[in-house]
Amino acid sequence: MSNTSVYADALVTSLNEKAAVMKQIYDVSVSQKRLLMVDEFDMDKFEKSVSRKDDLILQVRKLDQGFDDIYSKAGPDIKEHKQIYKKQILKMQTAITNISDFAMKIEKLEKELKKLFETRIAAERKEISDRKKSVATAGKYYQNMANQHQEWQSYFMDQKQ
């Protein structure tokens, strides 16, 4: 049973670490929202935050895998002797509640981020399109103005009639 006690403590630690990483993911998402809401959008900062979030998600997956591995070894014994591991079970329940709360907050924030990002991208595309049209119009204007004068034409008009 002493091995199971060590495993139970490891499960608690794993869940607490996962809750901490979930908080970091939430914090990165909040910073992404701020980046998307400013007038001067910084794509480099946004890409770095996406990369950071990917790293954190990978960390959550590793923690989940480690938790599953430990739980497969100790879970049946913990279930069978609930009274002995009551403290660890309560700590696990608290950590799971924290993880679930962060998961719901992150899911809600991700929906907002998706809308903000789509709006930002649409605005950026429109700006690029407007610039292309402006450059094309200016190019046509200058080409037209250059073609207005032919070599055989005089620049000056005779005022006599």
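Biologist: How many helices and how many strands does the protein chain have?

Modeller: Happy to start there, and please keep in mind that this is a predicted model. Read along the sequence, the pattern is α-α-α. The count for the protein chain is 3 helices and 0 strands.

Biologist: What percentage of the residues of the protein chain count as buried?

Modeller: Let's begin with the outside: the protein chain exposes about 12400 Å², and carbon and sulfur atoms supply 54% of that area. A residue is called buried when its relative accessible area is under 20%. Of the 161 residues in the protein chain, the buried share is 24%.

Biologist: Which helix gives the largest share of the largest nonpolar core?

Modeller: This core has 21 residues, and L15, V21, M22, I25 and I78 touch the most other members. Helix 1, helix 2 and helix 3 each supply at least two residues of the core. The largest share, 9 residues, comes from helix 1.

Biologist: And how many residues are in the other core, the one with L35, L36, F41 and L109 among them?

Modeller: Good follow-up! That core lies apart from the largest one. Its members include L35, L36, F41 and L109, and its size is 6 residues.

Biologist: Is the pair of Y26 and F102 stacked or tilted?

Modeller: A pair of aromatic rings is described by the distance of the centres and the angle of the planes. There are 4 aromatic pairs in the count. For Y26 and F102, the centres are 6.2 Å apart and the planes stand at 50°, so the pair is tilted.

Biologist: How many residues apart in sequence are Y26 and F102?

Modeller: Y26 belongs to helix 1 (residues 2-37), while F102 belongs to helix 3 (residues 86-148). The pair therefore links distant parts of the chain, with a separation of 76 residues.

Biologist: Is F102 buried or partly exposed?

Modeller: Its partner is a helpful contrast: Y26 has 24% relative accessibility and counts as partly exposed. For F102 the value is 16%, and the limit for buried is under 20%. F102 therefore counts as buried.

Biologist: Which residue has its charged end over the ring of F102?

Modeller: Look for a lysine that lies over the face of Y26, at 5.8 Å from the ring centre. The charged end of that lysine also sits over the ring of F102, 5.4 Å from its centre. The residue is K105.

Biologist: What is the angle between the planes of F46 and F117?

Modeller: F46 in helix 2 and F117 in helix 3 are 71 residues apart. F46 is buried at 9% relative accessibility, whereas F117 is partly exposed at 29%. Their rings form a stacked pair, 5.3 Å centre to centre, and the angle between the planes is 10°.

Biologist: Which residue forms one aromatic cluster with F46 and F117?

Modeller: You have met this residue already, as one of the members of the core of 6 residues. The cluster is made up of F46, F117 and F41.

Biologist: Is K53 buried or exposed?

Modeller: K53 is found in helix 2. Not counting residues up to four places away in sequence, K53 touches I25, V28, S29, Q32, E110 and L113. Its relative accessible area is 8%, so K53 is buried.

Biologist: How far apart in space are D55 and I25, C-alpha to C-alpha?

Modeller: D55 lies in helix 2 (residues 43-80) and is partly exposed, at 45% relative accessibility. D55 and I25 are 30 residues apart in sequence, and their C-alpha to C-alpha distance is 9.5 Å.

Key:
Residues are numbered from 1 along each chain as its sequence is written. This is a predicted model: local features need pLDDT of at least 70, side-chain atom pairs count only at pLDDT 80 or more; totals for chains, interfaces and linings use all residues. Side-chain values use heavy atoms; hydrogens and water are left out. Helices (H or I, at least four residues) and strands (E, at least two) are DSSP runs, numbered from the N terminus. Buried means under 20% relative accessible area, exposed over 50%, partly exposed in between (1.4 Å probe, protein chains only). Rings of Phe, Tyr and Trp (its six-membered ring) pair if their centres lie within 6.5 Å; planes under 30 degrees apart count as stacked, over 60 as edge-to-face and the rest as tilted. A charge sits over a ring if NZ of Lys or CZ of Arg is within 6 Å of the ring centre and within 35 degrees of the ring normal. A nonpolar core is a set of buried Ala, Val, Leu, Ile, Met, Phe, Trp, Tyr and Cys residues joined through side-chain atoms within 4.5 Å. Contact means heavy atoms within 4.5 Å. Accessible areas come from the Shrake-Rupley method with a 1.4 Å probe; for residues, only the protein chains shown count as cover.
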